[in-house]
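Colleague: I'm new to reading models like this one. Could you go through the terms with me and show how each label gets decided?

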Amino acid sequence: MRILVVEDEIKTAEYLRNGLGESGYRVEVANTGIEGQFMASEFEFDLVILDVMLPGIDGWQLLGSIRRKSAVPVLFLTARDAVEDRVKGLELGADDYLVKPFSYAELLARVRTLLRRGPPREGESFKLADLEIDVLRRKVTRQGQRIDLTNKEFALLQLLVSREGEVLSRAQIASQVWQMNFDSDTNVVDVAVRRLRAKIDEPYPVKLIKTVRGMGYSAEVPD
């Protein structure tokens, strides 16, 4: 497994290189956003560990560049610990977000979790009313019109539709989509559902995403 670490703090970058190397991973390090952008576009990696505050271009911009070309798992590792920053990172398409200072054991556990994810099965698809999801091509259409979603929006929609009619709590959704537990006062799930509805439901007369007050969300064809 090959990991790209984009980190401008030299000591932290070397700590990650040595630690992950001893854990059996091949690690490449970039110390600027521009260098990270070049390496991510020119070489294949199984995981990217990314800081937010980087010289050249910042982590938000670099993530956007990566997501335009690849679905490689991205873990933000940053001192930016505000809830708004965590929500922003995840909504931009990051797969996980870990705040500095961090425990190496926790970092390693998150790395292993991200790397364990298998690719989608060929031909796997879901359909709910006039909504269709092609998992392999990561393509969503409704009434034959393509709908562009972020990685997290796609994962959220796939989860809801694959468990049609089942009410999923916010904690379940956070665990499945973001592979992490959120504090009870974090509204990342509500924000994600609201943005997904704006694309999936608002332009159409039939609404597929349902709020179950006090419980969570479900996707189903209304009676």
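Colleague: Okay, which residue is the bridge partner of Thr78 in β5?

Modeller: That's Val99. One caution before we go on: this is a predicted model, where local features need pLDDT of at least 70 and side-chain atom pairs count only at pLDDT 80 or more, while totals for chains, interfaces and linings use all residues. Residues are numbered from 1 along each chain as its sequence is written, and side-chain values use heavy atoms, with hydrogens and water left out.

Colleague: What makes β4 and β5 a pair?

Modeller: Two strands pair if DSSP finds at least two bridges between them. Strand β4 (residues 74-78) and β5 have four bridges, in the parallel sense, so they pass the test. By the way, strands (E, at least two residues) and helices (H or I, at least four) are DSSP runs, numbered from the N terminus.

Colleague: Why are β2 and β5 said to stand at the edges?

Modeller: The five strands form an open sheet with parallel pairing, in the order β2-β1-β3-β4-β5. β2 (26-30) and β5 (96-99) each have a single partner strand, so one side of each is left without a neighbour in the sheet.

Colleague: Which helix packs on that sheet, and what does it touch?

Modeller: Helix α5 (residues 104-116) touches β1, β3, β4 and β5, where contact means heavy atoms within 4.5 Å. Its direction makes about 175° with that of β5. Such angles run from 0 to 180 degrees between N-to-C directions, with axes fitted to C-alpha atoms, for helices over the stretch in contact.

Colleague: What is the order of the open sheet of four strands?

Modeller: β6-β7-β8-β9, with antiparallel pairing. Four bridges join β6 to β7 (residues 131-134), and Leu128 has Leu131 as its bridge partner in β7. The two strands make a hairpin with two residues between them, and Ala129 in the turn has a positive phi of about 55°.

Colleague: Why are α6 and α8 called roughly perpendicular?

Modeller: Their axes come within 10 Å and cross at roughly 85°. Angles from 65 to 115 degrees count as roughly perpendicular; under 35 would be roughly parallel, over 145 roughly antiparallel, and the rest oblique. The crossing therefore earns the label roughly perpendicular.

Colleague: How many residues of the contact of α6 with α8 are nonpolar, polar or charged?

Modeller: Six are nonpolar, none polar and three charged. Ala, Val, Leu, Ile, Met, Phe, Trp, Tyr, Cys and Pro count as nonpolar, Asp, Glu, Lys and Arg as charged, and the others, Gly among them, as polar. Glu153 is one of the residues on the α6 side.

Colleague: How do you know that Glu153 is buried?

Modeller: Buried means under 20% relative accessible area, exposed over 50%, and partly exposed in between (1.4 Å probe, protein chains only). Glu153 has 4%, so it's buried. Its neighbours in contact include Asp148 and Arg195.

Colleague: And what makes α3 largely enclosed?

Modeller: Seven of its nine residues are buried, so the rest of the structure largely encloses it. Trp60 and Arg67 are among them.

Colleague: What caps the N-terminal end of α3?

Modeller: Asp58, with a side-chain oxygen 3.1 Å from the backbone nitrogen of Trp60.

Methods. A polar contact is a pair of N or O atoms within 3.5 Å; within protein, one must be able to donate a hydrogen and the other to accept it, and residues adjacent in sequence count only if both atoms are side-chain atoms. Lists of a residue's contacts leave out its neighbours within four places in sequence.
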